[in-house]
Each structure stands twice: as C-alpha cells, then as structure tokens.
Amino acid sequence: MKEQKGTLFVLTGPSGVGKGTLLSRVLPTLDSLFLSISATTRSPRPDEQDGVHYYFLNRGQFEEKVRNGEFLEHAQFSGNYYGTPSGPIDMHLARGEDVVLEIEVQGAMQIREKRPDAAMIFVAPPDFPTLEARLRGRQTEDEAAIALRLQTAREELKQIPKFDYLVINDDLTRAEEELKAVFLAERSRTNHRTFHMS
C-alpha cells in the first residue's frame, strides 16, 4: 500500500459547540495530521507567537495575498481580516499528509466550493438549548453578543445537510471517538490509497 495525496479535513460548527476542545483531544492520537494555521491582521496577544498560533500580517500584506489568490477562504470580523493560507496546506497534502482546518461555518462553505474533495465535518450540539447554555456559561460576553451568536448559530445549523459528516457533541468522550473514526474512515477510502499487486 502506498499513500497518495493527503486529505483536507474541514471541521466547523457554531460558536460554543466545542469543536476546538474535540480537535485538541483527537490531534495527538493521529499521525501525519496537521492543524492549519490561519492568518490575521489583529495584533498578537501576549502568549501568541507568529507562525505558531497565527500568521500575523498587516492590512496591506493581507490584502495583497487576497489579490494574489493565496487564501482558501477569508473573512472580516470585528474590523480585522482572518484567512486560511493555501500554500502550507498544499505543501502538506502533496507530501501525503492530512491537514485539518478548524474554522467558522462561513469559511467552511467557501472551502466547499473551492475544494470539493475536502472531507467536511460539522460539529453540532445535542440541541439548541444546550448550545445556549454553553454560550451563557462562558460568561465572557454581554447579552447582545450572545443573542447575535445564537442568531448566527440558527442559520449555521441549517447548513448541516451540505456536510459529509455530523458529530453531535453531547458527550465529550463519545464525540471524540466519533470524530477520530471520521478521520480514520476517510484515510481508508479507495480514492486516497493505491494498491500495488507486486
């Protein structure tokens, strides 16, 4: 068996659903799975390093990369740009290594259009009241911000039928096992592997 080009995994879901937590538990258990690093124009926080947490760019640099088509997806939030550089992703994929993006639903839909071969994974809450409770439990935002996130989440959840896989994050351990199973199943697809008789 000889591995071919790597698989691009796109992991998304509403804010507060726990996709980051799930991914942080699954990543160390899988070989040759790389987490894509996003680019942003916002300033680094004290504990953040360029090229580790984000690629930190100024507005001019970011806009030039947009013009040059260097992003798989990009969007603007709170006055700052965020985007997924395609170069590092394509480098890993060409080496037969898998790459996972953890991004918002808006960006995931952009990637779905550009890379129809990507494995699209949606992480959802068991129900809407649970998601609302998780967002309120953070106690990091005011009521207006929470209301906006919930309104956005309602629209995002309508996109589930457009995804390949759905992981319901009701029990963290079970959801972690389910997400890992998705990665392993995709790696075994015949279009990702080559079999040689000799």
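Q: How do strand S2 and strand S9 pair, in the parallel or the antiparallel sense, and over how many bridges?
A: Bear in mind that this is a predicted model. Strand S2, residues 8-12, and strand S9, residues 119-124, are paired in the parallel sense, with four bridges between them. For one concrete rung, look at valine 10: its bridge partner in S9 is methionine 120.

Q: And what joins S2 to S8?
A: S2 and S8 run parallel, joined by four bridges. Here you can pick out phenylalanine 9, whose bridge partner in S8 is valine 100. A general idea helps when you follow such rungs: side chains in a regular strand alternate between the two faces of the sheet.

Q: Over how many bridges do S3 and S8 pair?
A: Three, again in the parallel sense. Phenylalanine 34 is the residue to find, standing opposite valine 99 in S8.

Q: What is the strand order in the whole sheet?
A: Read across, the order is S3-S8-S2-S9-S10, an open sheet of five strands with parallel pairing. Strand S3 (33-35) and strand S10 (165-168) are at the edges with a single partner strand each, so each has one side without a neighbour in the sheet. On average, neighbouring strands are turned by 25° against each other, direction ignored.

Q: Is S8 largely enclosed or largely open?
A: Go by relative accessible area, where buried means under 20%. Four of the five residues of S8 are buried, so S8 is largely enclosed by the rest of the structure.

Q: Which strands does H1 lie across?
A: H1 lies across S2, S3, S8 (98-102), S9 and S10, and runs at about 155° to S8. H4 also packs on the sheet: it touches S2, S8 and S9, and its direction makes about 150° with that of S2.

Q: What is the phi of serine 32, and where does this residue lie?
A: The general idea first: most residues other than glycine have a negative phi. Serine 32 has a positive one, near 55°. You'll find serine 32 in the loop between H1 and S3. With 40% relative accessibility, serine 32 counts as partly exposed.

Q: What about serine 36: buried or exposed?
A: Serine 36 counts as buried, because its relative accessibility is 18% and the cut-off for buried is under 20%. This serine 36 sits in the loop between S3 and strand S4 (39-40). Leaving aside residues up to four places away in sequence, serine 36 touches Thr84, Ile89, Val99, Val100 and Leu101.

Q: Where is aspartate 127 found?
A: Look in the loop between S9 and helix H5 (128-138). Aspartate 127 is partly exposed, at 36% relative accessible area. From aspartate 127 to proline 161 is 34 residues in sequence and 16 Å in space, C-alpha to C-alpha.

Q: How much space lies in the largest pocket, and which residues lie nearest its centre?
A: The trick is to roll a probe the size of a water molecule over the atoms, which shows where empty space is left. In this model, the largest pocket holds about 1500 Å³. Its lining has 39 residues, with Tyr54, Phe77, Tyr82, Glu104 and Arg149 nearest the centre.

Q: Which element gives the largest share of that lining?
A: That's H6, with five residues. Elements that supply at least two residues each include helix H1 (19-26), strand S6 (71-77) and helix H4 (105-114). By type, the lining divides into 13 nonpolar, 15 polar and eleven charged residues.

Note on methods
Residues are numbered from 1 along each chain as its sequence is written. This is a predicted model: local features need pLDDT of at least 70, side-chain atom pairs count only at pLDDT 80 or more; totals for chains, interfaces and linings use all residues. Side-chain values use heavy atoms; hydrogens and water are left out. On a 1 Å grid over the protein atoms alone, a cavity is a set of points where a 1.4 Å probe fits but cannot get out, and a pocket is an open set with protein on both sides within 12 Å along at least five of seven lines; lining residues have an atom within 4 Å of a point. Grid points are joined across faces, edges and corners, and a volume is the space filled by probe spheres set on the points. Ala, Val, Leu, Ile, Met, Phe, Trp, Tyr, Cys and Pro count as nonpolar, Asp, Glu, Lys and Arg as charged, and the others, Gly among them, as polar. Two strands pair if DSSP finds at least two bridges between them. Axes are lines fitted to C-alpha atoms, for helices over the stretch in contact, and angles run from 0 to 180 degrees between N-to-C directions. Contact means heavy atoms within 4.5 Å. Buried means under 20% relative accessible area, exposed over 50%, partly exposed in between (1.4 Å probe, protein chains only).
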